[in-house]
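Student: I should like a close look at one part of this model, namely the segment ahead of its opening helix. Please then carry the account onward through the helices and their side chains.

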Amino acid sequence: SSPVPAVVFEPLMTTLTAHGNPLTAVSMGFHQTKTMVGMTYLTLDRIARGSGSVDQLRGPVGIVHLGARGVDRGAMYLLFFLAMISVNLAVLNFLPLPIVDGGLFIYLLYEALRGRPPSVRFQNAATMAGLLLIGSLFLVTFYNDVMRLVGG
């Protein structure tokens, strides 16, 4: 146990304002996006290393559930939530998995270095492995979402 009270670790509510300056708002948007990208990669790193849990991830059902809760708070919360989803999808799309754009970039990099593309057999096997990984992650998050809703 820790002598530090748990309240210290509670998230703080932060309100950002650009005071009507559009350039400040754009700058703040870029900063928040950069922060969100970093947090997404950090979460993936923690899960890969075992210090985080797949239980923390949300699938389609969890995303809709959280989005519905955000709608009640107002348009700005909903816009922030949608931006957060977009950033997370962009990060996942850039991962070096054969089934997403990051994997296609790896193939192009390989072709540029070797002068020829990877064999079709390798590409098919890698695509199936990537599909299996993403499909498994989808099933796990979907199961966790349903259990959260049913279990309370």
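**From the leading segment to the helices**

Tutor: His-19 is exposed, its relative accessible area being 71%. The model under discussion is a predicted one, and every value given here is computed from it. The residue belongs to the segment that precedes helix α1, which covers residues 22-49. Its backbone deserves attention: His-19 has a positive phi of about 55°, although it is not a glycine. As a general rule, most residues other than glycine have a negative phi. A positive phi is also found at Gly-115, where the angle is near 85°; this glycine follows helix α4.

From the leading segment we pass to helix α1 and its charged side chains. Asp-45 and Arg-49 form a salt bridge there, with 2.8 Å from N to O. Why are these two partners about one helical turn apart? Asp-45 and Arg-49 are four residues apart in α1, and this spacing corresponds to about one helical turn. In general, an α-helix has 3.6 residues a turn, so residues three or four places apart point the same way. The two partners can also be described by their accessibility: Asp-45 is partly exposed, with a relative accessible area of 31%, whereas Arg-49, at 66%, counts as exposed.

The structure holds two salt bridges, and Asp-145 and Arg-148 also form one, their closest N and O atoms lying 3.0 Å apart. These residues are in helix α5, three residues apart, and are thus separated by about one helical turn. Here Asp-145 is buried, at 2% relative accessibility, while Arg-148 is partly exposed, with a relative accessible area of 29%.

Helix α5 covers residues 120-151 and includes other residues of interest. Thr-141 lies in this helix and is buried, with a relative accessible area of 6%, which is under the 20% cut-off. Apart from neighbours within four places in sequence, Thr-141 is in contact with Leu-57, Arg-58 and Gly-59. Its C-alpha atom is 29 Å from that of Val-7, a residue 134 places away along the chain. Ile-134 is likewise part of α5, but its relative accessibility of 32% makes it partly exposed. Together with Ile-99, Met-128 and Leu-131, Ile-134 makes a nonpolar surface patch of about 340 Å².

Two further helices show how burial is arranged around an axis. Helix α2 runs over residues 60-71, and the expected span for its twelve residues is 16 Å, in agreement with the 16 Å between its end C-alpha atoms. Gly-62, Gly-67 and Gly-70 are the buried residues of α2. Viewed down the axis of the helix, these residues fall within an arc of 135°, and they therefore line one face of α2. Val-64 and Arg-69, on the other side of α2, are exposed. Among the elements that cover the buried residues of α2 are helix α3, residues 75-94, and helix α5.

Helix α4 can be read in a similar order. It runs from residue 101 to residue 114 and has 14 residues, reaching 20 Å from its first C-alpha to its last, close to the 20 Å expected at 1.5 Å a residue. Which residues of α4 are buried? They are Gly-102, Gly-103 and Tyr-107. Around the axis these cover an arc of only 150°, which means that they sit on the same side of α4. The opposite face, turned away from the buried side, carries the exposed residues Phe-105, Leu-108 and Ala-112. The packing partners of the buried residues of α4 are α3 and α5.

To return to the starting point, the segment before α1 contains His-19, where an exposed side chain accompanies the positive phi of about 55°.

Key. Residues are numbered from 1 along each chain as its sequence is written. This is a predicted model: local features need pLDDT of at least 70, side-chain atom pairs count only at pLDDT 80 or more; totals for chains, interfaces and linings use all residues. Side-chain values use heavy atoms; hydrogens and water are left out. Patches are made of residues with over 30% relative accessible area and no salt bridge: like charges are joined within 9 Å, nonpolar side chains (Val, Leu, Ile, Met, Phe, Trp, Tyr) within 5 Å. Accessible areas come from the Shrake-Rupley method with a 1.4 Å probe; for residues, only the protein chains shown count as cover. A salt bridge is a side-chain nitrogen of Lys or Arg within 4 Å of a carboxyl oxygen of Asp or Glu. Helices (H or I, at least four residues) and strands (E, at least two) are DSSP runs, numbered from the N terminus. Buried means under 20% relative accessible area, exposed over 50%, partly exposed in between (1.4 Å probe, protein chains only). The expected span of a helix is 1.5 Å times one less than its number of residues. The arc is that of the directions from the helix axis to the C-beta atoms. Contact means heavy atoms within 4.5 Å.
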